[in-house]
Amino acid sequence: MPTITTRDGTEIFYKDWGPKDAQALVFHHGWPLSADDWDAQMLFFLGEGFRVIAHDRRGHGRSSQTATGNEMDTYAADVIELAAALDLRGAVHIGHSTGGGEVARTVARAESGRVAKAVLIGAVPPVMVKSDKNPSGLPIEVFDGFRASLAANRAQFYYDVPAGPFYGFNRPGAQVSQGVIDNWWRQGMMGGAKAQYDCIKAFSETDFTEDLKAIAVPVLVMHGTDDQIVPIADSALLAHPLLRQGTLKTYEGLPHGMCTTHADIINRDLLAFIRA
């Protein structure tokens with residue numbers, strides 16, 4: 001399997017498909033998933049002539065099941081090492097959910113010329129958890145519940161999330177796909193429990209405000225109005241004004257996992273932004 005070894009000895013698995021001289025699209029997955037969550041986008045954009053790259057975050061998927069470094073600074077550092085190893089120039093970084101936070105921190109710290117554009121989809125920035133500075137955020141008890149459920153019965157928890165709010169399968173009239181649920185579970189169970197447990201703090205408590213302000217390249221913010229995992233009012237609607245060159249696109253009634261449930265819509269709009 002293609003991997004790079006980071007400075008601290010962690011092996012990061014990645015996929016790298018398409019012509020090496022084509023523009024690179026780098027996909028950053030959500031918690032607790034893997035590069036496989038981008039299948040619908042990777043295949044589509046490969047067919048459009050792009051070079052498509054997706055990695056398994058440390059502790060997730062086929063990467064090392066790390067006990068340490070499971071926080072945003074290290075996640076971003078890992079991606080920066082990967083971009084250097086593959087000598088990526090003018091890449092577009094696309095992140096979903098937790099991956100959106102990873103994109104924000106990575107792009108804000110990237111070498112000049114490495115990144116051309118960025119996309120945040122159902123993304124966690126600027127910050128999820130409620131605090132005095134973020135009174136509209138989600139209470140810490142929500143994330144404590146995630147940790148308790150993971151520790152008590154990770155296997156069951158990883159069925160409950162995709163079968164319910166992640167894809168909006170808990171909504172009346174939803175077209176439920178057991179295959180999508182099973183694939184979410186498969187990806188989650190591939191990763192390490194310790195790393196995924198730590199990542200809950202990373203995606204919920206990291207403040208990306210200064211990262212968003214520092215990003216100089218164009219950024220597309222895409223968010224479903226029925227996102228039950230990362231509510232739009234606490235994320236995209238607050239993140240967009242912080243960007244220097246931000247474009248906000250909302251999707252009426254679409255869920256958190258809209259890259260899977262509505263891949264045709266998301267792929268079309270991604271392509272338009274990338275080619276603009």
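Q: How far apart are the mean positions of the positive and negative charges of the chain?
A: This is a predicted model, and the charges discussed here are placed on its side chains. The chain carries 25 positive and 32 negative charges. When the positions of each kind are averaged, the two mean positions are separated by 4 Å.

Q: How many helices and how many strands are there in the chain, and what is its radius of gyration?
A: The chain holds 10 helices and 8 strands. For 276 residues the globule rule gives 19 Å, and the value for this chain is close to that, so the chain is as compact as a globular protein of that length, with a radius of gyration of 17 Å.

Q: What percentage of the residues of the chain count as buried?
A: A residue is called buried when its relative accessible area is under 20%. Applied to the 276 residues of the chain, this cut-off gives a buried share of 55%.

Q: Which residue forms a salt bridge with Arg-114, and is that partner buried or partly exposed?
A: Arg-114 itself counts as buried, at 9% relative accessibility. The closest N and O atoms of its salt bridge with Asp-87 are 3.4 Å apart. Arg-114 lies in the loop between helix H3 and strand S6, while Asp-87 lies in the loop between helix H2 and strand S5, so the pair ties together parts that are 27 residues apart in sequence. With a relative accessible area of 45%, the partner is partly exposed, and that partner is Asp-87.

Q: How many residues apart in sequence are the parts that Asp-226 and Arg-171 tie together?
A: The side chains of Asp-226 and Arg-171 meet in a salt bridge, with 2.7 Å from N to O. Asp-226 belongs to the loop between strand S7 and helix H8, and Arg-171 to the loop between helix H4 and helix H5, so the parts that the pair ties together are apart in sequence by 55 residues.

Q: In which helix do Lys-194 and Asp-198 both lie?
A: These two residues form a salt bridge whose closest N and O atoms are 2.6 Å apart, and Lys-194 is partly exposed, with a relative accessible area of 44%. Lys-194 and Asp-198 are 4 residues apart, about one turn of the helix, and that helix, which covers residues 193-205, is H6.

Q: Which residues do salt bridges that share partners join into one network?
A: In such a network, salt bridges are linked through the partners they share. The residues joined in this way are Lys-15, Asp-36, Asp-39, Asp-56, Arg-62 and Arg-186.

How values were computed
Residues numbered from 1 in each chain as written. Predicted model: local features only at pLDDT ≥ 70, side-chain atom pairs only at ≥ 80, totals over all residues. Heavy atoms only, no water. Helix = DSSP H or I, 4+ residues; strand = E, 2+ residues; numbered from the N terminus. Rg over C-alpha atoms; globule rule 2.2 N^0.38 Å. Buried < 20%, exposed > 50% of the residue type's maximum accessible area, 1.4 Å probe, protein only. Lys, Arg positive; Asp, Glu negative; His and termini not counted. Charge placed at Lys NZ, Arg CZ, Asp CG, Glu CD. Salt bridge = Lys/Arg side-chain N within 4 Å of Asp/Glu carboxyl O.
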